[in-house]
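Biologist: Please take a close look at the nonpolar interior for me, and talk me through what packs there. I'd like the cut-offs as you go.

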Amino acid sequence: EELVSVLTSVEPIRVPAGTAAVTEGEPGDSLFLVVQGTLAVTTRDASGTDVEIGRLNPGDFFGEVALLTQKPRTATVTAAIDSELLRLGAETVTELRRRHPDIDASLKEFHRRRAEQTVEALLERRRSGA
């Protein structure tokens, strides 16, 4: 019953290659699950240059940072190839968090690990001079 409730609350989205699913700096009111495809995650460095900090594949999710912090999106996520996503709106995520408090801890831990990986990717880029 609960799974049916969640599935009826998600919105399938197709993202053609080269198209941004979310853009750094925009408000974020949803979480996305990658169903099919590959997406590049980029952020702008101090000089305004886009820096790729990761790739997302089926089973990965993104958008949790803006959802948890209610701050603007921290990165741009662009389809490297035609991709399919499931969008969970803030209302759906809030309800899931209410029904399953353990989701909060998992999302926060994932957010912490993702932040560490981002810092490591930026440091590696700087060390390599790229």
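Modeller: Happy to! Let's begin from the outside: the chain exposes about 8000 Å², of which carbon and sulfur atoms supply 53%, with areas from the Shrake-Rupley method and a 1.4 Å probe, where only the protein chains shown count as cover for residues. This is a predicted model, in which local features need pLDDT of at least 70 and side-chain atom pairs count only at pLDDT 80 or more, while totals for chains, interfaces and linings use all residues. Residues are numbered from 1 along each chain as its sequence is written, and side-chain values use heavy atoms, leaving out hydrogens and water.

Now to the inside. Of the 130 residues, 30% are buried, meaning under 20% relative accessible area (exposed is over 50%, partly exposed in between). The chain has four helices and eight strands, taken as DSSP runs numbered from the N terminus (H or I of at least four residues, E of at least two).

The largest nonpolar core holds 14 residues; a core here is a set of buried Ala, Val, Leu, Ile, Met, Phe, Trp, Tyr and Cys residues joined through side-chain atoms within 4.5 Å. Val 34, Leu 39, Val 41, Leu 56, Phe 62, Val 77 and Leu 85 touch the most other members. Strands S3 (30–36), S4 (39–44), S5 (50–56) and S7 (76–79) each give two or more residues to this core, and S5 has the largest share, three residues. Leaving aside residues up to four places away in sequence, Val 41 touches Val 51, Glu 52, Ile 53, Gly 54, Leu 56, Ala 75, Thr 76 and Val 77, a contact being heavy atoms within 4.5 Å.

Phe 62 also has a ring partner. There is one aromatic pair, by a rule that asks for Phe, Tyr or Trp (six-membered ring) centres within 6.5 Å, with planes under 30 degrees apart stacked, over 60 edge-to-face and the rest tilted. The rings of Phe 32 and Phe 62 count as stacked because their centres are 5.0 Å apart and their planes lie at 15°. Phe 32 sits in S3 and Phe 62 in S6 (residues 61–62), 30 residues apart, so the pair links distant parts of the chain. Both rings belong to buried residues: Phe 32 has a relative accessible area of 6%, and Phe 62 has 3%.

Finally, a second, separate core of six residues includes Leu 31, Leu 88, Val 93 and Leu 96. Val 93 and Leu 96, together with Thr 92, are the buried residues of helix H3 (residues 90–99).

Technical notes: Buried means under 20% relative accessible area, exposed over 50%, partly exposed in between (1.4 Å probe, protein chains only).
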